[in-house]
Amino acid sequence: MRTFVLALLCATALPIAAARAAGATHERDEIERLEHLWLSAAQAHDRATLERILADDFVDVSANGTFRSKADALAGGNTPPGSTQTLRELRVRIYGDCAIANGINVVHSDIQGWTVEVPFTDVFVRRAGRWRAVSAQETARHDAASTAMR
C-alpha cells in the first residue's frame, strides 16, 4: 500500500513539476524577448514600444550614476549616433511575479572607434498579466580605446 501511495504521489507531482518548468521557460523567453524589444525600441526612438515596456514607476540608474524616470527614458536615448548594440550573456531568473534579467549590452561605434561593455540588471514585475520593467541599472566597462566616451 505504501508503495502504491508513493507511486501515486510521484505520478501526480511529475506532471505538475513539468508544467511549472515549462511555464518558467515560457516566462524567461518572454523576458528575453522584452529585453531585445527594449533595445531595438531605444535605438529606434520608438516611444510607443518603450511606453508598453516601462512601468509608470520605472527608475533607471544609468552608467554614469544618474537616476532617470520613465519620462526621462522616453525623452531621449543615451545611444551615441552611428553606434550598434548587442546583448550578450543574457540570463533571466523568475521569482513568481518578479523577474530579474542580467546581461551585457555591447555598444560599438565604427565611426569613433570604440566599444563599451555595459553590464546591466533589469527588474520586471508582472502586473495585470503583463511583464513591465520597473527598475534598471547599468555599469559601463571602458576599454583603452573608448576613453573618448568617458
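Good morning, everyone. Let me open with a small puzzle: which residue in β5 is the bridge partner of V106? Looking at the model, V106 has E117 as its bridge partner in β5. Keep that pair in mind while I walk you through the rest, and please remember that this is a predicted model.

First, the overview. The protein chain has three helices and seven strands. Reading from the N terminus, the order is α-α-β-β-α-β-β-β-β-β. Of the 150 residues in the chain, 32% are buried. If you take the contacts with a separation of 6 or more, 49% of them are between residues 24 or more positions apart. As for the surface, the chain exposes about 9,100 Å², and 58% of that comes from carbon and sulfur atoms.

Now back to the strands, starting where my puzzle was. Strand β4 covers residues 98-109. On one side of the pairing list we have β3, residues 83-95, which is antiparallel to β4 and shares 11 bridges with it. Within that pairing, R88 stands opposite I104 of β4. The two strands form a hairpin with two residues between them, and G96 in the turn has a positive phi of about 65°.

Then there is β5, which also pairs with β4 in the antiparallel sense, this time over 12 bridges. That is where V106 and E117 meet as bridge partners. The hairpin of β4 and β5 has four residues between the strands, and here G113 takes a positive phi near 70°. So how enclosed is β4 by the rest of the structure? Largely enclosed, because nine of its 12 residues are buried.

Let's move to β1, residues 54-61, which has pairings of its own. Strand β6, residues 130-138, runs parallel to β1, and four bridges join them. One of the bridge partnerships there is L54 with A133 of β6. β1 also pairs with β2, residues 67-69, in the antiparallel sense over three bridges, and V61 has F67 as its bridge partner in β2. Those two strands form a hairpin with five residues between them, and G65 in the turn has a positive phi of about 90°.

One residue of β1 that I'd like you to click on is D60. Is D60 buried or exposed? D60 counts as buried, because its relative accessibility is 2%. And what is D60 in contact with, leaving aside its neighbours within four places in sequence? The contacts are T66, F67, R68, A136, Q137 and E138. You can place some of these on the strands we just discussed: F67 is the β2 bridge partner of V61.

My next stop is the aromatic side chains. There are two aromatic pairs in the model. In one, the ring centres of W38 and F58 are 5.8 Å apart and the planes meet at 75°, so this pair is edge-to-face. It links distant parts of the chain, with W38 in helix α1, residues 2-44, and F58 in strand β1, 20 residues apart. Both W38 and F58 are buried. W38 also forms an edge-to-face pair with F124, at 6.1 Å centre to centre and 90° between the planes. That pair spans 86 residues, from W38 in α1 to F124 in strand β5, residues 114-127. F124 is buried too, as is W38. Put together, W38, F58 and F124 make one aromatic cluster.

This brings me to the core. The largest nonpolar core has 18 residues, and those with the most contacts inside it are I31, W38, L54, F58, F124, W131 and A133. At least two residues of this core come from each of α1, α2 (47-53), β1, α3 (70-75), β3, β4 and β6. The largest share, four residues, comes from α1.

I'll finish on A133, the partner of L54 that I mentioned earlier. Which residues does A133 touch, not counting those up to four places away in sequence? They are W38, I53, L54, A55, F58, V123 and F124. Notice that W38, F58 and F124, the aromatic cluster, are in that list.

That's my tour. Thanks for listening, and I'm happy to go back to any of these residues on the screen.

Key. Residues are numbered from 1 along each chain as its sequence is written. This is a predicted model: local features need pLDDT of at least 70, side-chain atom pairs count only at pLDDT 80 or more; totals for chains, interfaces and linings use all residues. Side-chain values use heavy atoms; hydrogens and water are left out. Buried means under 20% relative accessible area, exposed over 50%, partly exposed in between (1.4 Å probe, protein chains only). Contact means heavy atoms within 4.5 Å. Accessible areas come from the Shrake-Rupley method with a 1.4 Å probe; for residues, only the protein chains shown count as cover. Two strands pair if DSSP finds at least two bridges between them. Rings of Phe, Tyr and Trp (its six-membered ring) pair if their centres lie within 6.5 Å; planes under 30 degrees apart count as stacked, over 60 as edge-to-face and the rest as tilted. A nonpolar core is a set of buried Ala, Val, Leu, Ile, Met, Phe, Trp, Tyr and Cys residues joined through side-chain atoms within 4.5 Å.
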